[in-house]
Amino acid sequence: MAITITAFERSPDGGKGLARDTRVRWALEEVGQPYEVRLVSFSAMQEPAHLALHPFGQIPTYEDGDLGLFETGAIVFHIAERHAGLFPDDANARARAITWMFAALSTVEPPILELGNARLLEGDKSWTAQRMPLVKDRVHNRLGQLSRRLGDADWLDGAFSAGDLMMVSVLLRLKASGLLDAYPNLSAYLARGEARPAYKRAFEAQWAVNTGKPPTG
Ligand SMILES: N[C@@H](CCC(=O)N[C@@H](CS)C(=O)NCC(=O)O)C(=O)O
């Protein structure tokens, strides 16, 4: 039976690739696993059938035979464990790749999401202008730390791994903000991720769904 993931019927980002199905598509492309996509509407995401798979009524989910997963961290981890290509063979290097996955999701992503929420959901509040510098500072703090750690390396710890896949996916949300401009090595890191053929295939697949247009080329 084919691996099946869920994705938005129409992503709110209009195909920019920021919905989290992109990172799962990317992982599957990196390891060469074919997959099917079940597109779900916002209302279907709150129906019992979807809630049985995803208790929080979100996308993406992952199904393979009897196994149903939610949370992109768990899904990408599972894909990386089952198939060669995203975790190094060396046990310590593998543990460090996992560490970077956690760092992306629990240390770097939260302030980036907070910035998005402050702009999109709270932009009209009287206190937003006052709060925004603090929110941006928190993002800059993490970007500065990450930039110093990456230095002039291509990837976070040796060869490309699931840790990079997750970190690049998280940082992509900042691309349009201009905040990355102060960190040329992080911008180049993002560009290296986006240049990977597997990422391009993942991006184009979601682009076709969300725009109804053929790949961007
Ligand atoms: N921590 C979850 C977050 C999932 C998530 O926020 N999904 C978004 C799409 S990218 C969603 O379904 N949003 C709609 C909603 O929350 O109602 C993960 O990494 O899978």
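Trainee: Let's start with the shell around the ligand: how many of its residues are nonpolar, polar and charged?

Mentor: Good place to begin, and keep in mind that this is a predicted model. The shell consists of Phe-8, Ala-19, Arg-20, Phe-42, Met-45, Gln-58, Ile-59, Glu-71 and Thr-72. Sorted by class, these residues come out as five nonpolar, two polar and two charged.

Trainee: Which residue of that shell offers a polar side-chain atom 2.7 Å from an oxygen atom of the ligand?

Mentor: Let's go through the polar contacts one by one. Ile-59 uses a polar backbone atom, 2.8 Å from a nitrogen atom of the ligand. Glu-71 does use a polar side-chain atom, but its partner is a ligand nitrogen at 2.8 Å. The side-chain contact to a ligand oxygen, at 2.7 Å, belongs to Thr-72.

Trainee: And what share of the ligand's surface does the protein bury?

Mentor: The ligand sits in the largest pocket. On its own, the ligand would expose 510 Å², and the share of this that the protein buries is 76%.

Trainee: Moving on to Pro-12, is this residue buried or exposed?

Mentor: Pro-12 belongs to the loop that links β1 (3–8) and α1 (21–30). Its relative accessibility is 64%, and the cut-off for exposed is over 50%. Pro-12 is therefore exposed.

Trainee: What distance separates the C-alpha atoms of Pro-12 and Asn-210?

Mentor: Along the chain, Pro-12 and Asn-210 are 198 residues apart. In space, the separation between their C-alpha atoms is 8.9 Å.

Trainee: Now Gln-206: which residue's backbone oxygen does its side chain reach?

Mentor: Start with the setting: Gln-206 is part of helix α8 (residues 197–211). With 2% relative accessibility, Gln-206 counts as buried, because buried means under 20%. Its side chain comes to 2.9 Å from a backbone oxygen, and that oxygen belongs to Gly-15.

Trainee: Why does Ser-161 count as buried?

Mentor: Ser-161 lies in the loop between α5 (128–150) and α6 (162–172). What decides the matter is relative accessibility, with buried meaning under 20%. Ser-161 counts as buried because its value is 7%.

Trainee: One last thing: which residue's backbone nitrogen is reached by the side chain of Ser-161?

Mentor: Stay with that loop between α5 and α6, where Ser-161 is found. The side chain of Ser-161 makes a polar contact at 2.9 Å, and the backbone nitrogen on the other end is that of Gly-163.

Definitions and conventions. Residues numbered from 1 in each chain as written. Predicted model: local features only at pLDDT ≥ 70, side-chain atom pairs only at ≥ 80, totals over all residues. Heavy atoms only, no water. Near = heavy atom within 4 Å. Polar contact = N/O pair within 3.5 Å; in protein donor to acceptor, adjacent residues only side chain to side chain. Areas by Shrake-Rupley, 256 points an atom, 1.4 Å probe, with all protein chains shown as cover. 1 Å grid on protein atoms, 1.4 Å probe; cavity = no way out; pocket = protein on both sides within 12 Å on 5 of 7 lines; lining within 4 Å. Sits in = over half its atoms within 2 Å of the grid points. Nonpolar A, V, L, I, M, F, W, Y, C, P; charged D, E, K, R; others polar. Helix = DSSP H or I, 4+ residues; strand = E, 2+ residues; numbered from the N terminus. Buried < 20%, exposed > 50% of the residue type's maximum accessible area, 1.4 Å probe, protein only.
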